[in-house]
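Colleague: I'm new to this one, so could you walk me through it? I'll ask, you explain.

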Amino acid sequence: MTTWWCCCRRPEDASEMRCLDFSHHSLHDVPPDVFEFERTLEELYLNSNRISDLPRQLFLCYELRRLYLQDNDLVSIPAAIGALSNLQTIDLSRNSLSTISDEIRKCKNLLVLNLSGNSLGRLPEALTCLLNLQEMYLNDTFLEYLPANFGRLAALRVLELRENNLMTLPRSMARLQMLERIDIGANEFTELPEVVGHLANLTELWIDGNRIRRISSNITNLRKLQHFDANGNLLTELPCEIGVWTKLLELSCSTNELEFLPSSIGNLRCLVTLKLDENQLQELPDTIANCEALEELMVSHNQLRSLPPTIGLLRRLRILSADENILETLPEELCSSNRLTHLPLSLLGLRNLAAIWVSDNQSQPLVPLQREICSDGTVRLTCFMLPQTGAPTLAPPTLSTSSRKITFREANTGQDSPGKLLRSPTPYAKQLRQMATHRKIMNVRRDFRATPGGDGVEIKIARVAPIPDRTTWMFGQHHNPTVMQISLPGAAAQGISLIAEDGGLYIEAVQGASAEYLRPRDKVLDVDGVDFTKITLEQAHHHLNTKEPISLMISRA
């Protein structure tokens with residue numbers, strides 16, 4: 001007998017074998033090893049093979065409870081399947097089945113049946129005899145209707161009918177009072193079937209990808225609904241009765257023709273996600289402020305001219321997408337909660353924007369923004385000079401009774417406690433000379449850019465390179481503990497090797513004098529006033545190839 005490899009360890013006592021896994025083995029037939037354990041086998045995985053026929057011996061495994069045959073080449077199921085009276089789960093999805101034997105009605109203990117991805121055309125009447133069935137998956141099976149007595153399956157909890165040609169549902173389905181999830185997306189419905197309004201135990205309702213124009217008002221029984229997805233329909237309005245869905249967590253009505261929202265949407269106090277993008281909304285109701293749990297609001301691609309001031313009361317709001325509208329102003333109350341976690345990339349399109357204030361310790365209104373690639377691949381805006389975590393709260397300084405006050409030319413703007421003077425180490429003479437040389441070069445550079453070609457005199461500086469316009473870092477001493485400003489002595493920059501990755505320039509290796517100050521994986525933000533987040537790797541190396549002292553701004557994780 002041929003010995004097949006199986007991922008399940010063979011026990012010394014064959015009578016103990018309960019599970020065999022032959023999935024993803026490119027098998028054309030059921031392995032003979034299976035029949036050695038016909039008296040004890042309870043779980044059999046034959047999925048993702050090339051099996052086109054099931055032998056009669058397989059149906060002598062009377063103790064079989066879970067049988068997985070998805071992703072094969074089966075064209076029929078033998079009548080002998082009725083012998084598996086203990087079968088609880090069978091997965092026949094993504095085969096070439098066109099019919100199911102009526103003998104399947106004898107599998108009285110069947111709980112889960114998956115026939116998705118087969119060319120059934122119609123549902124056999126025998127399936128309505130499986131009275132204990134709890135989950136039925138009939139996605140993409142070319143169904144045009146369901147049997148009139150489909151309501152006999154009163155134990156159903158999950159019913160998926162996605163990607164078929166259904167236009168209506170039988171009235172007998174009103175008896176499916178235990179149904180918790182129904183998916184009728186991507187069918188041919190033009191209105192929400194009336195029978196859905198009788199499924200009082202429903203928690204998930206998926207009707208996306210149809211041609212539904214209206215939702216009837218008999219949805220008041222769906223008081224346990226938590227997820228409602230109606231994307232990609234032709235809805236022009238939502239009924240006021242949705243206000244009874246007080247347990248709803250996600251409401252998704254993107255890509256419809258909605259012109260307004262009912263004020264009763266304010267009753268959805270548990271709502272976390274509201275997706276209304278790609279509609280024709282002209283305004284949002286003030287009652288949206290009552291959705292106190294709302295974290296994500298998507299209203300892009302509409303016709304909104306303004307946002308209601310009450311939107312500032314949404315204290316948990318994390319994501320607001322309102323691009324592609326005709327907004328002229330934003331309500332001042334919008335940022336009253338001050339819980340913004342990121343700025344959208346589209347903010348760069350506001351060419352007339354002159355000032356941004358996003359931090360309580362921000363010292364200037366003009367913010368140099370940088371692109372940042374997040375772990376999930378999305379691109380957002382950030383500013384390395386602003387705190388990346390919550391700013392610490394400083395206690396108010398104690399006022400002195402004396403009116404005399406000592407001030408310094410360069411005031412300390414760091415996080416030092418008020419009233420304390422900190423002594424900095426006195427630089428050595430060599431360092432003073434380097435600092436003076438560096439300042440002289442920077443002044444010459446600044447004068448060169450301010451008056452290019454004046455009086456016909458051509459000024460040439462060896463370090464001028466084809467680098468984009470400098471950006472202005474206008475914050476002086478910063479408050480972000482992960483950002484450091486480092487001054488390197490002459491020629492030290494030549495020992496720096498950079499690498500471009502993750503949307504920035506990072507230090508790959510450091511040699512020579514630079515190794516005392518820098519580390520691999522430090523992100524270079526700015527060198528001598530040049531924004532390194534906006535230049536290429538070649539330009540960066542050109543700029544570092546100098547024997548003069550330079551000043552770097554780096555971000556160190």
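## Questions about a predicted model

Modeller: Let's begin with Glu-163, which counts as partly exposed because its relative accessibility is 44%. Keep in mind that the model is predicted.

Colleague: Where does Glu-163 lie?

Modeller: Its backbone is worth a look, since phi is positive there even though the residue is not a glycine. The value is near 60°. As for the place, Glu-163 lies in the loop between β7 and β8.

Colleague: What is the phi of Ala-491, roughly?

Modeller: Ala-491 sits in the loop between β17 (483–488) and β18 (496–501). It's partly exposed, because its relative accessibility is 33%. Ala-491 is not a glycine either, and its phi is positive, at about 70°.

Colleague: Back to the loop after β7. Which residue forms a salt bridge with Arg-162?

Modeller: The closest N and O atoms of the pair are 3.0 Å apart, and the cut-off for a salt bridge is 4 Å. So the contact counts, and the partner is Asp-183.

Colleague: How many residues apart in sequence are the parts that this pair ties together?

Modeller: Both ends are buried: Arg-162 has a relative accessible area of 18%, and Asp-183 comes to 8%. Arg-162 lies in the loop between β7 (158–160) and β8 (181–183), while Asp-183 is in strand β8 itself. The pair therefore ties together parts that are 21 residues apart.

Colleague: Asp-522 and Arg-556 also meet in a salt bridge; what is the N to O distance?

Modeller: This pair links distant parts of the chain, 34 residues apart. Asp-522 is in the loop between β19 (504–510) and β20 (523–527), and Arg-556 is in the segment after β22 (550–555). The two side chains meet with an N to O distance of 2.8 Å.

Colleague: Are Asp-522 and Arg-556 buried or exposed?

Modeller: The word buried is kept for residues under 20% relative accessible area. Asp-522 falls in that class, and Arg-556 does too, so the answer for both is buried.

Colleague: Which residues are linked in a network of salt bridges?

Modeller: Start with one pair: the side chains of Glu-63 and Arg-65 meet in a salt bridge, at 3.5 Å from N to O. Both are partly exposed, Glu-63 with a relative accessible area of 29% and Arg-65 with 23%. The network that includes them is made up of Arg-18, Glu-42, Glu-63 and Arg-65.

Colleague: How many salt bridges does the count come to?

Modeller: We've gone through a few, among them the pair of Glu-63 and Arg-65 and the pair of Arg-162 and Asp-183. Counting by the 4 Å cut-off, the number of salt bridges comes to 16.

Colleague: Which residues form a positive surface patch?

Modeller: Take Arg-105, in the loop between β4 (89–91) and β5 (112–114). Its relative accessible area is 33%, so it's partly exposed, and a patch takes residues with over 30% and no salt bridge. The patch is formed by Arg-105, Lys-108, Arg-152 and Arg-175.

Colleague: How far apart in space are Asp-102 and Cys-129, C-alpha to C-alpha?

Modeller: Asp-102 is found in the loop between β4 and β5. It's partly exposed, because its relative accessible area is 42%. Along the sequence Asp-102 and Cys-129 are 27 residues apart, and in space the separation is 9.8 Å.

Colleague: And what separates the C-alpha atoms of Ile-212 and Leu-234?

Modeller: Ile-212 is found in the loop between β9 (204–206) and β10 (227–229). It's buried, because its relative accessible area is 0%. Leu-234 is 22 residues away along the chain, yet the C-alpha atoms are separated by 5.5 Å.

Colleague: Why is there no bond between Cys-270 and Cys-291?

Modeller: A disulfide is a covalent bond between the sulfur atoms of two cysteines. The cut-off is 2.5 Å between the sulfurs. For Cys-270 the closest cysteine sulfur is in Cys-291, and that is too far for a bond because the distance is 10.0 Å.

Colleague: Which of these is buried, and how many disulfides does the whole structure hold?

Modeller: Cys-270 is partly exposed, because its relative accessibility is 36%. The buried one, at 0%, is Cys-291. As for disulfides, a search of the whole structure finds zero.

Notes: Residues numbered from 1 in each chain as written. Predicted model: local features only at pLDDT ≥ 70, side-chain atom pairs only at ≥ 80, totals over all residues. Heavy atoms only, no water. Buried < 20%, exposed > 50% of the residue type's maximum accessible area, 1.4 Å probe, protein only. Patch = residues over 30% accessible without salt bridge, like charges linked within 9 Å, V, L, I, M, F, W, Y side chains within 5 Å. Areas by Shrake-Rupley, 256 points an atom, 1.4 Å probe, with all protein chains shown as cover. Lys, Arg positive; Asp, Glu negative; His and termini not counted. Charge placed at Lys NZ, Arg CZ, Asp CG, Glu CD. Helix = DSSP H or I, 4+ residues; strand = E, 2+ residues; numbered from the N terminus.
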